[in-house]
Amino acid sequence: MKLIVGLGNPGSKYEKTRHNLGFRVVEALAKDKIKGEVKWEEAPKFSSLICRLTKDVILVKPQAFMNASGEAVAKIANFYKISASDIWVVHDDVDLPLGKIKIRIGGSAAGHHGVESLIVNLGTDRFLRIRLGIGRPSRGKDAQIEKYVLKTFELNETSEVKHLLKQAALALETCLQDGPEKTMNRFNC
């Protein structure tokens, strides 16, 4: 069984922010793969919204804030007995230029508090990450990264964001069909 987790913050206030790309990608994947209406079920015991993509694939949008998302994911993984190697996490990354995708297994959190929460709560870093480039704020504003990730995209970034969402959903589909290694070879920038 695969657990595909989109990282983001709950609530309409954060819906279109840079930090919520993970949510948007799993929503796009569900929309592409499910015939008819996509149903996200509230799962209070997991603090998450869950969508069954197939019998063996569960999509998750943790409803705890980003910094505590690992608790929700660990609860789901423990309940379904899913190993870290079968957990795939989709998240924003300021260290990649806008529109770039980088897929890897393991490694540090690189300052991403959602990934850090996952590593702490799962007790390992050996899960697949689909990192989505959101770029960095302009020079001199690096100290404001927390504010930057909570901003919406600029109007001139809209087409690039749409393309990124499509590519990331396609990367997940490819990963499900062909496995992580072939997907990394195809999608890593």
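This briefing describes the sheet, the nonpolar cores, a helix pair, selected backbone positions and the cysteines of one structure. The model is a predicted one, and its strands form an open sheet of 7 members with mixed pairing. The largest nonpolar core has 34 residues, and a second, separate core has 19 residues. The count of disulfides comes to 0.

**The sheet**

- The 7 strands of the open sheet follow the order β2-β3-β4-β1-β5-β7-β6, and the pairing among them is mixed. The edge strands are β2 and β6, the latter spanning residues 101-105, and each of these pairs on one side only. From one strand to the next, the twist averages 25°.
- Strands of a sheet pair through backbone hydrogen bonds, either parallel or antiparallel. An antiparallel case is the pairing of β3 with β4, which are joined by 6 bridges, and here arginine 52 stands opposite isoleucine 58 in β4.
- Helix α2 packs on the sheet, where it touches β1, β3, β4 and β5, and its direction makes about 155° with that of β4.

**Strand β1 and its partners**

- Strand β1 covers residues 2-6 and is mostly covered, given that 4 of its 5 residues are buried.
- With strand β4 (residues 57-62), β1 pairs in the parallel sense over 4 bridges, and in this pairing isoleucine 4 stands opposite leucine 59 in β4.
- With strand β5 (residues 87-93), β1 likewise pairs in the parallel sense over 4 bridges, and valine 5 stands opposite valine 89 in β5.

**Nonpolar cores**

- Within the largest nonpolar core, which has 34 residues, those with the most contacts inside it are Ile4, Leu21, Leu59, Ile103, Ile130, Leu132 and Leu172. Helix α5, spanning residues 158-178, gives the most to this core, with 8 residues.
- A second core, separate from the largest one, consists of 19 residues and includes Ala43, Phe46, Val115 and Leu118.
- Isoleucine 4, when residues up to four places away in sequence are not counted, touches Val26, Leu29, Val57, Ile58, Leu59, Val60, Trp88, Val90, Leu172 and Leu176. Isoleucine 4 is thus listed both among the residues with the most contacts inside the largest core and as the residue of β1 that stands opposite leucine 59 in β4.

**The α5 and α6 helix pair**

- Two packed helices are described by the angle between their axes and the distance between the axes. For α5 and helix α6 (residues 180-187), the axes come within 7 Å and cross at roughly 145°, and the crossing in which α5 passes α6 is right-handed.
- On the side of α5 the contact is made by Gln167, Leu170, Ala171, Thr174, Cys175 and Asp178, while on the side of α6 it is made by Pro180, Lys182, Thr183, Arg186 and Phe187.

**Individual positions**

- Serine 47, although not a glycine, has a positive phi of about 50°. The residue lies in the loop between β2 (41-43) and β3 (48-54), and serine 47 is partly exposed, with a relative accessible area of 30%.
- Lysine 81, another residue other than glycine, has a positive phi near 55°. Its place is in the loop between α2 (69-80) and β5, and lysine 81 is exposed, with a relative accessible area of 73%.
- Serine 69 is located in helix α2 and is buried, with a relative accessible area of 1%. Not counting residues up to four places away in sequence, serine 69 touches Leu7, Pro62, Ala64, Gly114 and Ser117.
- Threonine 54 belongs to strand β3 and counts as partly exposed at 40% relative accessibility. The C-alpha atoms of threonine 54 and lysine 2, which are 52 residues apart along the chain, are separated by 9.7 Å.

**Cysteines**

- A disulfide is a covalent bond between the sulfur atoms of two cysteines, and a pair is counted as one if the sulfur atoms lie within 2.5 Å. Because the sulfur of cysteine 51 is 18 Å from the closest cysteine sulfur, in cysteine 175, the separation is too far for a bond.
- Both of these cysteines are covered by the buried class, cysteine 51 at 2% relative accessibility and cysteine 175 at 3%. Cys175 is also one of the α5 residues that make the contact with α6.

Conventions
Residues numbered from 1 in each chain as written. Predicted model: local features only at pLDDT ≥ 70, side-chain atom pairs only at ≥ 80, totals over all residues. Heavy atoms only, no water. Buried < 20%, exposed > 50% of the residue type's maximum accessible area, 1.4 Å probe, protein only. Helix = DSSP H or I, 4+ residues; strand = E, 2+ residues; numbered from the N terminus. Pairing = 2+ DSSP bridges. Core = buried A, V, L, I, M, F, W, Y, C linked by side-chain atoms within 4.5 Å. Contact = heavy atoms within 4.5 Å. Axes fitted to C-alpha atoms, helices over the stretch in contact; angles between N-to-C directions. Left-handed = near helix turned anticlockwise from the far one by under 90°.
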